[in-house]
2 protein chains.
Amino acid sequence: MIETFTALSEPNRLRIVELLRDGPQAVGVIADTLGLNQPQVSKHLNTLKKAHLVEVEAKAQQRLYRLDMQGLQLIDQWLDRYRRIWTDRLDQLDDVIADMTRKQEE
Amino acid sequence: MIETFTALSEPNRLRIVELLRDGPQAVGVIADTLGLNQPQVSKHLNTLKKAHLVEVEAKAQQRLYRLDMQGLQLIDQWLDRYRRIWTDRLDQLDDVIADMTRKQEE
DNA sequence: AAAGAATATTCCTGTCAAGGAATATAAATT
DNA sequence: AATTTATATTCCTTGACAGGAATATTCTTT
């Protein structure tokens with residue numbers, strides 16, 4: 001989890017992930033699109049790869065990077081542990097409203 | 001988004017958030033439970049508060065911190081933009097399988 | 001008012017990660 | 001083999017940040 005959140009906590013890496021929503025891109029294209037230097041992008045992509053947020057496919061001298069759903073699904077699963085809580089919170093709100101309504105009728 | 005991910009990318013802050021799933025806690029309790037120094041915990045809680053991951057309720061000299069769903073829902077909404085993609089990926093897999101089945105029957 | 005309980009904040013230090021620049025590596029073309 | 005295309009990696013610098021220690025602030029009790 002830490003690795004995933006850390007990877008996404010850097011603005012340029014978040015931008016890369018968002019860019020890859022539209023499909024696989026080569027390193028140079030990512031660099032040009034985001035206005036970053038190529039070595040910079042390579043380093044960021046390495047971090048994202050280690051966090052299972054992107055994966056790479058070699059195509060001649062090109063390296064096409066695409067989203068790796070594994071990392072994103074990890075976040076989704078982590079969030080599952082909190083969804084019950086915010087559902088419970090809504091249930092409690094229903095209780096409070098029902099309570100207030102009952103008190104109003106008394 | 002950056003602030004949210006950054007807040008969660010520090011191990012102790014992640015632990016704090018996970019601890020608060022069970023309900024609100026005072027600073028000192030969090031510190032004792034996680035084996036951290038109180039000032040440390042205060043600083044982390046401040047970061048989490050700024051990222052809308054926790055909120056605080058003053059109770060005499062105590063400060064009870066509880067989860068703030070806003071930050072977590074922000075992640076959930078961010079993830080929504082990727083769910084379509086991993087659904088699309090599954091659809092494409094269905095296509096590939098259908099294609100292979102058709103070719104097998106030829 | 002002083003003392004105690006609980007917490008927030010500041011100052012300082014050391015670590016680490018991001019960017020820049022240079023270079024190494026991989027693959028294709030000439 | 002030499003050159004070109006595309007990328008990965010290394011070295012260096014610097015700013016950000018976490019923890020420790022000390023202190024300030026908030027609130028209650030004596």
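What follows is a dialogue on how to read a predicted model of two protein chains with two DNA strands.

Me: How is chain A related to chain B in this model?

Reply: A relation between two copies is read from the turn and the shift that lay one on the other. Here chain A can be laid on chain B by a turn of 180° with a shift of 0.0 Å along the axis, and the RMSD is 0.0 Å. That is the relation of a two-fold axis. In chain A, the C-alpha nearest this axis belongs to A:Phe5, at 2.6 Å from it. The same surface serves both copies, since 100% of the contact residues of chain A recur in chain B.

Me: Which residues are closest to DNA strand C, and how many surround it?

Reply: DNA strand C is surrounded by 22 residues, and the closest are A:Asn12, A:Lys43, A:His44, B:Ser42 and B:Tyr65. By class, this surface has six nonpolar, 10 polar and six charged residues. The elements that each supply at least two of its residues are α2 (11–19) and α4 (38–50) of chain A, together with α3 (27–34), α4 (38–50) and β3 (62–67) of chain B.

Me: Which parts of DNA strand C lie within 4 Å of the protein?

Reply: Here one sorts the DNA atoms by the part of the strand to which they belong. Of the atoms of DNA strand C within 4 Å of the protein, 65% belong to sugar or phosphate, and the rest belong to bases. Some individual atom pairs add detail to this. The side chain of A:Asn12 has an N or O atom 2.7 Å from a phosphate oxygen of DNA strand C, and for the side chain of A:Arg13 the corresponding distance to a phosphate oxygen is 2.8 Å. The side chain of A:His44 likewise has an N or O atom 2.5 Å from a phosphate oxygen of that strand.

Me: What does the surface near DNA strand D look like by class, and which residues are closest to the strand?

Reply: The residues near DNA strand D divide into six nonpolar, 10 polar and six charged. This strand is surrounded by 22 residues, of which the closest are A:Ser42, A:Tyr65, B:Asn12, B:Lys43 and B:His44. At least two residues each come from α3 (27–34), α4 and β3 (62–67) of chain A and from α2 and α4 of chain B. Of the atoms of DNA strand D within 4 Å of the protein, 63% belong to sugar or phosphate and the rest to bases.

Me: Which protein atoms pair with a base or a phosphate of DNA strand D?

Reply: A polar side-chain atom of A:Gln38 lies 2.8 Å from a base nitrogen of DNA strand D. A polar backbone atom of A:Val27 is 3.0 Å from a phosphate oxygen of the strand, while an N or O atom in the side chain of B:Asn37 is 2.8 Å from a phosphate oxygen.

Me: Where should I look for the largest nonpolar core?

Reply: In soluble globular proteins, nonpolar side chains tend to be buried together. In this model the largest nonpolar core has 56 residues, and those with the most contacts inside it are A:Leu45, A:Trp78, B:Leu45 and B:Trp78. Leaving out residues up to four places away in sequence, B:Leu45 touches B:Ile16, B:Val27, B:Ile30, B:Val54 and B:Tyr65.

Me: Is A:Tyr82 buried or exposed, and what does it contact?

Reply: A:Tyr82 counts as buried because its relative accessibility is 0%, and it is found in helix α5 (residues 69–105) of chain A. Apart from neighbours within four places in sequence, A:Tyr82 is in contact with B:Val17, B:Glu18, B:Arg21, B:Leu67 and B:Leu72.

Me: Which residues of α2 in chain B are buried, and what caps the N-terminal end of this helix?

Reply: An α-helix has 3.6 residues a turn, so residues three or four places apart point the same way. In helix α2 (residues 11–19) of chain B, the buried residues are B:Asn12, B:Arg13, B:Leu14, B:Ile16, B:Val17 and B:Leu19. B:Glu10 caps the N-terminal end of α2(B), with a side-chain oxygen 2.9 Å from the backbone nitrogen of B:Asn12. At the start of α2(A), a side-chain oxygen of A:Glu10 reaches to within 2.9 Å of the backbone nitrogen of A:Asn12.

Me: What is the phi of A:His52, and where is this residue?

Reply: Phi of A:His52 is near 60°, a positive value in a residue other than glycine. A:His52 has its place in the loop between α4 and β2 (54–59) of chain A, and it counts as partly exposed because its relative accessibility is 38%.

Key
Residues are numbered from 1 along each chain as its sequence is written. Chains are lettered from A and ligands numbered from 1 in the order in which they are written. This is a predicted model: local features need pLDDT of at least 70, side-chain atom pairs count only at pLDDT 80 or more; totals for chains, interfaces and linings use all residues. Side-chain values use heavy atoms; hydrogens and water are left out. Copies are superposed by least squares on the C-alpha atoms of residues with pLDDT of at least 70 in both. Contact means heavy atoms within 4.5 Å. A residue is near a molecule or strand if one of its heavy atoms lies within 4 Å of it. A polar contact is a pair of N or O atoms within 3.5 Å; within protein, one must be able to donate a hydrogen and the other to accept it, and residues adjacent in sequence count only if both atoms are side-chain atoms. Helices (H or I, at least four residues) and strands (E, at least two) are DSSP runs, numbered from the N terminus. Ala, Val, Leu, Ile, Met, Phe, Trp, Tyr, Cys and Pro count as nonpolar, Asp, Glu, Lys and Arg as charged, and the others, Gly among them, as polar. A nonpolar core is a set of buried Ala, Val, Leu, Ile, Met, Phe, Trp, Tyr and Cys residues joined through side-chain atoms within 4.5 Å. Buried means under 20% relative accessible area, exposed over 50%, partly exposed in between (1.4 Å probe, protein chains only).
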